[in-house]
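Work through the exercises below with the sequence and the model at hand. Each task is followed by a solution in steps.

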Amino acid sequence: MNERVKELRKALGFSREEFANRLGLKSRGKIENIELGRTSPDEPFLDLICKTYNVNSEWLHTGDGEMFIKLSEDEEIANLVSDVLEDGKNNAFYGIILEIIRTYNELSPGSQEVI
């Protein structure tokens, strides 16, 4: 398990601190302890990893299957929008996206359909 958590974190391109922060942890200590085999994660924590990072639970538990769950296009778009909204004004694209949405809403229904 510890190796898979480390493999996942590296596949995502996160430091231990970044990985932990996105899981709502205040420090990287828990991730470090898991990766080094000092502790084992409990089921609620594994569920949080799977939900947060769209990880295949079977892969995380056993190593079988693909690392990530394949999302439909709509699910992928919803996740991207959710990420932008979650970061709010701290996201570099927040203002751009708001402007695009405002402009789109000002268009006539026919113009919206063309887009």
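At 18% relative accessibility, R16 counts as buried, where buried means under 20% relative accessible area, exposed over 50%, and partly exposed in between (1.4 Å probe, protein chains only). The model is predicted, so local features need pLDDT of at least 70 and side-chain atom pairs count only at pLDDT 80 or more, while totals for chains, interfaces and linings use all residues. Residues are numbered from 1 along each chain as its sequence is written, and side-chain values use heavy atoms, with hydrogens and water left out.

**Exercise 1. Place R16 and list what R16 touches.**

Step 1. R16 lies in helix α2; helices are DSSP runs (H or I, at least four residues), numbered from the N terminus.

Step 2. Leave out residues up to four places away in sequence; R16 then touches R9, R28, I31, E32, E35 and L36. Contact means heavy atoms within 4.5 Å.

Step 3. For a distant reference point, take I97, which is 81 residues from R16 along the chain; the two C-alpha atoms are separated by 30 Å.

**Exercise 2. Find the salt bridges of E32 and the network that includes E32.**

Step 1. Apply the criterion: a side-chain nitrogen of Lys or Arg within 4 Å of a carboxyl oxygen of Asp or Glu. A search of the whole structure finds five salt bridges.

Step 2. E32 and R16 meet through their side chains in a salt bridge, at 3.8 Å from N to O. E32 lies in helix α3 and R16 in helix α2, so this pair ties together parts that are 16 residues apart in sequence.

Step 3. E32 also forms a salt bridge with R28, with 3.6 Å between the closest N and O atoms. A salt bridge between the side chains of E32 and R38 has an N to O distance of 3.8 Å.

Step 4. Compare the burial classes. E32 counts as buried at 18% relative accessibility. R28 is partly exposed, with a relative accessible area of 42%, and R38 is exposed, at 54%.

Step 5. Assemble the network: salt bridges link R9, R16, R28, E32, E35 and R38.

**Exercise 3. Is R9 buried or exposed, and which side chain does R9 join in a polar contact?**

Step 1. R9 is found in helix α1. With a relative accessible area of 8%, R9 is buried.

Step 2. The side chains of R9 and E35 are joined by a polar contact of 2.5 Å. A polar contact is a pair of N or O atoms within 3.5 Å; within protein, one must be able to donate a hydrogen and the other to accept it, and residues adjacent in sequence count only if both atoms are side-chain atoms.

Step 3. Not counting residues up to four places away in sequence, R9 touches F14, S15, R16, F19, I31 and E35.

**Exercise 4. Which residues of α4 are buried, and how are they arranged around the helix axis?**

Step 1. Helix α4 covers residues 43-53, and its buried residues are F45, L46, I49, C50 and Y53.

Step 2. Seen down the axis of α4, these residues fall within an arc of 140°, so they line one face of the helix. The arc is that of the directions from the helix axis to the C-beta atoms.

Step 3. On the other side of α4, P44 and K51 are exposed.

Step 4. The buried residues of α4 pack against α1 (2-12), α2 (16-22), α3 (29-35) and α5 (57-62).

Step 5. Inspect the helix ends. At the start of α4, a side-chain oxygen of D42 reaches to within 3.0 Å of the backbone nitrogen of F45. Just after α4, N54 takes a positive phi of about 55°.

**Exercise 5. Relate N54 to L71.**

Step 1. N54 is found in the loop between α4 and α5, and L71 lies in the loop between α5 and α6.

Step 2. N54 and L71 are 17 residues apart along the chain, and their C-alpha atoms are separated by 8.6 Å.

Step 3. Leaving aside neighbours within four places in sequence, L71 is in contact with N54, E76 and N79. L71 is partly exposed, with a relative accessible area of 28%.

**Exercise 6. Which residues make the nonpolar surface patch of about 480 Å²?**

Step 1. Patches are made of residues with over 30% relative accessible area and no salt bridge; like charges are joined within 9 Å, and nonpolar side chains (Val, Leu, Ile, Met, Phe, Trp, Tyr) within 5 Å. Accessible areas come from the Shrake-Rupley method with a 1.4 Å probe; for residues, only the protein chains shown count as cover.

Step 2. The patch is made by F93, I96, I97, I100 and I101.

Step 3. F93 sits in the loop between α6 (73-87) and α7 (94-106). F93 is exposed, with a relative accessible area of 52%.

Conventions:
Helices (H or I, at least four residues) and strands (E, at least two) are DSSP runs, numbered from the N terminus.
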